[in-house]
Amino acid sequence: MLQGQTVKALRVCDPASNDLLIRKQPGHAHFGAVALECERHALLCYCPMRYLLYPHGSVFGCFGGTHAALHFRASVCEVCDLEDWLPITAGAHWSHRFDRELPMRGDVLMESPQLVRDSQATDWQLELRLSTGRSFRLLQNKECNRLQLAPVEVGR
C-alpha cells in the first residue's frame, strides 16, 4: 500500500536523549516508536516490550509456508486513522523530528517496506527503499530495547 507514496512526515516517539545510556552511531537513530506518514497511508512501528503487557512482534507468512518474525510491531493504517493508533504507545510524546540522515519529507517510497535478513543474521528487519536511492533498515536494538533506523549502503 505504501509503494509510490510520498513521505509527508517522520514522527518519532521516545527518542534517545541520553548519549551516556545509548551510544548513537553516526547515521543511526534510536526511538521507542516511529510513524512514517505518507500521502494516504502510514507505517507505525514500535517496541512491544516498551508499550504492551504481552509483548511480541509482528509475524508475516513467507513463500513456502515459513514465517518471518520481527522483534517489533509493524502496522499500516490510513493516515486519517493514525491518531487513533498512537495511543498504543501509552501517551508518550510524539514529535516531528527533522534529521537529514533519516527519510525526509518529499522522499518517495519506491516499493512497499520489505522484510529482509542478512545471510549471517538471524533477525528479520524492515527495509525502506526511497526514490533518492537511499535505503533504511528498521530493526530492534536489543541492548536498549529501542527501534533503530539505520541507513543501508547501496548494493546490500
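# A guided tour from S135 outward

Begin by selecting S135: leaving aside neighbours within four places in sequence, this residue is in contact with E127, L128, R129, A150, P151 and V152. S135 lies in strand 11. Because its relative accessibility is 14%, under the 20% limit, S135 counts as buried. The model on display is a predicted one, and a colouring by pLDDT is a useful companion to the steps below.

**Strands 10 and 11.** Which residue of the neighbouring strand should be selected opposite S135? That residue is R129. Strand 10 and strand 11 run antiparallel and are joined by 4 bridges. Follow the chain through their hairpin, where 5 residues separate the strands and G133 adopts a positive phi near 90 degrees. Next, display strand 10 (125–129) as a whole. Since 4 of its 5 residues are buried, strand 10 is largely enclosed by the rest of the structure. Then add strand 9, residues 114–116, which pairs with strand 10 in the antiparallel sense over 3 bridges. Across this pairing, V116 stands opposite Q125.

**Strands 11 and 12.** Return to strand 11 (135–141) and add strand 12 (146–152). These two strands pair in the antiparallel sense over 7 bridges, and L138 of the pair faces L149 in strand 12. They form a hairpin with 4 residues between them, and N145 in the turn has a positive phi of about 55 degrees. Is strand 12 mostly covered or mostly uncovered? Strand 12 is mostly covered, with 6 of its 7 residues buried.

**The largest nonpolar core.** In soluble globular proteins, nonpolar side chains tend to be buried together. Here, the largest nonpolar core holds 25 residues, and L36, C45 and F72 touch the most other members. Strands 1 (7–13), 3 (33–38) and 4 (41–46) are among the elements that give two or more residues to this core, as are strands 10, 11 and 12. Select C45 and expand to its contacts: beyond residues up to four places away in sequence, C45 touches A33, V34, F72, R73, A74, L126, L138 and L147. A second, separate core of 8 residues can be selected afterwards; A33, A42, C77 and L82 are included in it.

**A35 in strand 3.** Select A35, which is placed in strand 3. A35 counts as buried because its relative accessibility is 0%. Now draw a C-alpha to C-alpha distance from A35 to L10: these residues are 25 apart in sequence, and 5.9 Å apart in space.

**D107 in a loop.** Move to the loop between strand 8 and strand 9, where D107 is found. D107 is buried because its relative accessible area is 8%. Which residue's side chain makes a polar contact with that of D107? The partner is R134, at 3.5 Å. Not counting residues up to four places away in sequence, D107 touches Q5, T6, V7, L130, S131, T132 and R134.

**Confidence.** Finally, colour the chain by pLDDT. The protein has a mean pLDDT of 76, and 72% of its residues reach 70 or more. Among the elements, strand 10 has the highest mean, 91, and strand 8 (residues 94–96) the lowest, 58. Select residues 18–24 as the last stop: the pLDDT over this stretch is below 50, and the stretch has 10 contacts in the model beyond near neighbours in sequence.

Key:
Residues numbered from 1 in each chain as written. Predicted model: local features only at pLDDT ≥ 70, side-chain atom pairs only at ≥ 80, totals over all residues. Heavy atoms only, no water. Core = buried A, V, L, I, M, F, W, Y, C linked by side-chain atoms within 4.5 Å. Buried < 20%, exposed > 50% of the residue type's maximum accessible area, 1.4 Å probe, protein only. Contact = heavy atoms within 4.5 Å. Pairing = 2+ DSSP bridges. pLDDT = per-residue confidence, 0-100. Polar contact = N/O pair within 3.5 Å; in protein donor to acceptor, adjacent residues only side chain to side chain.
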